[in-house]
Amino acid sequence: MFPEPRGDGFAIQVTALSGKTEAEAIADRLKRKGYAVYLVSAPAGQPATYKVRVGKFKVRTEAEKIASRLEREEQ
C-alpha cells in the first residue's frame with residue numbers, strides 16, 4: 001500500500017511502530033497532506049516493526065527542510 005520508492009536518496013523516518021494498522025494510519029494521513037510516504041517493515045525473523053518514512057530526496061538540504069516542516073506540523 002505504501003511501497004518504498006526505487007533508487008537512492010535521503011529519507012526522513014517519522015516513526016517506528018510495532019502495529020501495522022497504526023503505521024498505515026499515520027502514513028495515510030501524511031499521504032493525504034501531500035508527503036511522499038512509504039512503509040518499511042522489519043526483515044523476516046526480527047520483531048515486527050513498521051517504519052514510516054518520507055522521501056527519497058535527491059539532496060540532503062531538501063530532506064532537512066521537509067523534516068523541519070514535519071516537526072512543526074506533526075510534532
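**Exercise 1.** State what phi Gln75 takes just after α2, and check the span of this helix.

*Solution.* Just after α2, Gln75 takes a positive phi of about 55 degrees. The model is predicted: local features need pLDDT of at least 70, side-chain atom pairs count only at pLDDT 80 or more, and totals for chains, interfaces and linings use all residues. Residues are numbered from 1 along each chain as its sequence is written, and side-chain values use heavy atoms, with hydrogens and water left out. Helices are DSSP runs of H or I with at least four residues, strands runs of E with at least two, numbered from the N terminus. The expected span of a helix is 1.5 Å times one less than its number of residues. For the 15 residues of α2 (residues 60–74) this gives 21 Å, and the end C-alpha atoms are 20 Å apart, which agrees.

**Exercise 2.** Determine which residues of α2 are buried and which exposed residues lie on the face turned away from them.

*Solution.* Buried means under 20% relative accessible area, exposed over 50%, and partly exposed in between (1.4 Å probe, protein chains only). Ala63, Ile66 and Leu70 are buried. They cover an arc of only 65 degrees around the axis, which puts them on the same side of α2. The face turned away carries the exposed Thr61, Lys65, Glu71 and Arg72.

**Exercise 3.** Identify the salt bridges of Glu74 with Arg29 and Lys33.

*Solution.* A salt bridge places a side-chain nitrogen of Lys or Arg within 4 Å of a carboxyl oxygen of Asp or Glu. Glu74 meets Arg29 at 2.9 Å, N to O, and Lys33 at 2.5 Å. Glu74 lies in helix α2 and Lys33 in the loop between α1 and β2 (37–41), 41 residues apart.

Terms used. Arc of directions from axis to C-beta.
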